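Trainee: I'd like to learn how to read the interfaces in a multi-chain model. Could you walk me through one?

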Amino acid sequence: MISQQLNDTITRIGPKTEAGTVLRCYWHPAALVEELESQFPIPVNLLGERLALMLDDAGDLRLMTRISEIGEPPVFYPDATEIKIEVTGPTYPVMVKKGIAFAYLGDGEAPEFPNFDCFRADDTHVFAFKGLWECNWLQALEIGIDPAHASFLHRFLKDDDQGSNYGKQFRDKVAQTSIPMTQVLREYPRPDINVEETDYGLKITALRHMDNGQTHVRITNQIFPEAICIPMSREMTITQWHVPIDDENCYWFTLFTSFKEPVNKELMRAQRLKEHELPTYAPLKNRENSYGYDPQEQADETYTGMGMDINVHDQWAVEGMGRIQNRTREHLGRSDKAIIRYRRILRQAIDAMGAGNRNALPMQDGEKIQTIIGPLSNDAVAPTENWSGASHQADLERRAACPWDASV
Amino acid sequence: MTQQTSIPAEEFIDAPTGWVRILDREALEIVRPLIPIVLNGQRLVLFRDEEGELGLIGRNCPHRGADLCYGRLENNGLRCPFHGWHFDRTGQCVEQPAEPEGSPMYKAIKVPMTPVEERDGGIWAFLKDGDTT
Amino acid sequence: MVPIKATIFEDFIDGYFPLNVSLGHMLTRHGFSSAWILMRVAPMMEIPGLTAADPVPLHLNPGHGGQFDWLTATIRISGQVASLSGLAKWHWNDAAKANEQKILTTLRLAEPAFLRGVGFMAGDVYSRSLGKVKLETSDPNILLLSTGQLAADPVSYKLTDKLDSALCWRTDFSQGLATVTRAALQPWACPYLELPDKKFEEGLLFRNTDNLPMSGIISDSLACL
């Protein structure tokens, strides 16, 4: 339980707000490159600002301020012909990386991009997509740094065969075993969670000690301020930003990064287009249709009764908290330790910006940023007495077999 | 017993203090006996447990605020699908299965309960003074 | 100055329970008889009329909340709970409480808190602030400093070469939790070589190592100073 005042401080991100000032020190996904195929200008709603992507005289992308009408919906997506640019308004630099146009809305120099796997992999090995969640960005992020919830929210009461699960989270077999991931999550619901502060944010290790002297090791990451990097399957990782549209809505932007084989982008895109409507990328399952909830399915097949797509489960959990989670009514447990550590970093960053000390924030020290690689993001099964070394070794083997430079 | 395909619509009730008839008994005769109730603006969830008794408790899980209308009716109570926190019909938390072994935290967590009973073919709730503001 | 059997640890303690109860749970979990702890940026609350047996409130009223900017304390198991004395810097949302110089150790954290510290097993060496602690014979990174009761000879432990990067925290706090300003903290925690020996009663000396929890203790300490 935190005070309303503190909740406002850490959630609200408009211009001149405290958390907004911290977020504006970083690049944020503004649009998918596939959105740029339509006519310019292209509407962008980001960090409480109404913007549009334009091509400047040199042919470079630039984000400019768009004249907005009172009462526009938060994810308003007008046709190019209806967009009027506020010529005296702020404009921002844009950089395209792997299928996403990133924008920098802050003061001063934009920082370098860190050398994460999702940025250094070949274009053939990275696929980008996005989706709308109708809630504040922080609760969207916090579910991604909560290793305990997967054993409940994403519990499947039956394990299906793993044949048709390409491109889906938690539907693979674990590491080099024949155990479905769904079974591990279901049978070991109380992970030991270790959290370490790193130069990019947090490294989160969830250990599920199994009966046979083996431990399931799942390593995920928080990338400051609003991204996560997690394993999706043996072949792919997910790097996902929870980007504020305004205080009450956000987009998830994901770079799916494949180690060995090129990504089947057509299949990945078709899977996701079936669940979303364009041009807003709003999910077809939502609050209005109870997320497709089926009580019989909840009794027999899934914990939520909302189908097999775990993204829908997450969306229900975070949207059900209300547009901005009322943290004066929350009761975190010790299993929420990564959330607690994250908020500590965020509050320290807010204090540092208040004191004019931007360099105290993660990934703001120019020389070091490009030396940040990885991060290690992996599921492995290892002997309990040597889980750390074995998990690291499994990641190194995967990286060594990879056609792009994935060395760490 | 009526089959159902989703969550029953929210019932909105505004009433003075004292015992108030909120529903006909038949309204809960559904496969999954749970109905969202908004009582004088307070968002609650009404459910029947395996002993056949009624619970009328706050709708947002006290952990991280998930919507308990989508909870699982099991083990004689209501379980939040987010992290498995389990509540009995009085609103007392009886289990936090993801918390570290031996954690006593669940004992200190109790969702507010509105007294509820069945008579004359109806379901009645008792509203205190504070419930009407 | 003696090397003592000590475990550097990081942990999360529960919120919502009285602080001395949550810390008592933690000591019991680790099997420590006493500990020195350091905690930063932790939301807290004080609810009038709430007894130890009551369920926790479901909502935090604005006037009941506050935050520890940092807290350092020695804690000892005393029955089921921890006895607790130390120094802290905090603020309450309620302006009427702005000038309180002491707070009760029965106040509650408003969410679980991350802390770092050094835990001690019961042994035969008497320390006034940490109780009886165990002697360590081999190369420790933590030394107990004391005037009067303990013989002090760093040379015999061959640690002199490392002491220039060591940090010392005094542990002989007064009873309860008292506030202290950042400037007034200097005599309580400082690099070993600047130790104000005349005022010194008892304290812990941390030898700086690359070990992660230890470097965390040092960096957290420096952030408080």
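Mentor: Sure, we'll go through two interfaces here, and keep in mind that this is a predicted model.

Trainee: How do people usually put a size on an interface?

Mentor: It is often given as the accessible area lost when the parts come together. In this model, chain B and chain A bury about 2,800 Å² between them, with carbon and sulfur atoms giving 53% of that. On the chain B side, B:R64, B:Y70 and B:R72 supply 27% of the area buried against chain A, more than any other three residues.

Trainee: How many residues does each chain bring to that contact?

Mentor: Chain B puts in 32 residues and chain A puts in 36.

Trainee: What about salt bridges between chain B and chain A?

Mentor: The rule finds three of them across that interface. One pairs the side chains of B:R64 and A:D336, at 3.0 Å from N to O. As for the make-up of the chain B side touching chain A, count 13 nonpolar, eleven polar and eight charged residues. There are also 21 residue pairs in polar contact between chain B and chain A, both partners at pLDDT 80 or more.

Trainee: Now the other one: how much area do chain C and chain B bury?

Mentor: About 700 Å², and 78% of it lies on carbon and sulfur atoms. C:F17, C:P55 and C:L58 supply 55% of what chain C buries against chain B, more than any other three residues. The contact takes seven residues from chain C and ten from chain B.

Trainee: And how many salt bridges and polar contacts join chain C and chain B?

Mentor: Zero salt bridges, and one residue pair in polar contact, both at pLDDT 80 or more. The chain C side that touches chain B has five nonpolar residues, one polar and one charged.

How values were computed
Residues numbered from 1 in each chain as written. Chains lettered and ligands numbered in written order. Predicted model: local features only at pLDDT ≥ 70, side-chain atom pairs only at ≥ 80, totals over all residues. Heavy atoms only, no water. Contact = heavy atoms within 4.5 Å. Buried area = accessible area lost by both parts, 1.4 Å probe. Salt bridge = Lys/Arg side-chain N within 4 Å of Asp/Glu carboxyl O. Polar contact = N/O pair within 3.5 Å; in protein donor to acceptor, adjacent residues only side chain to side chain. Nonpolar A, V, L, I, M, F, W, Y, C, P; charged D, E, K, R; others polar.
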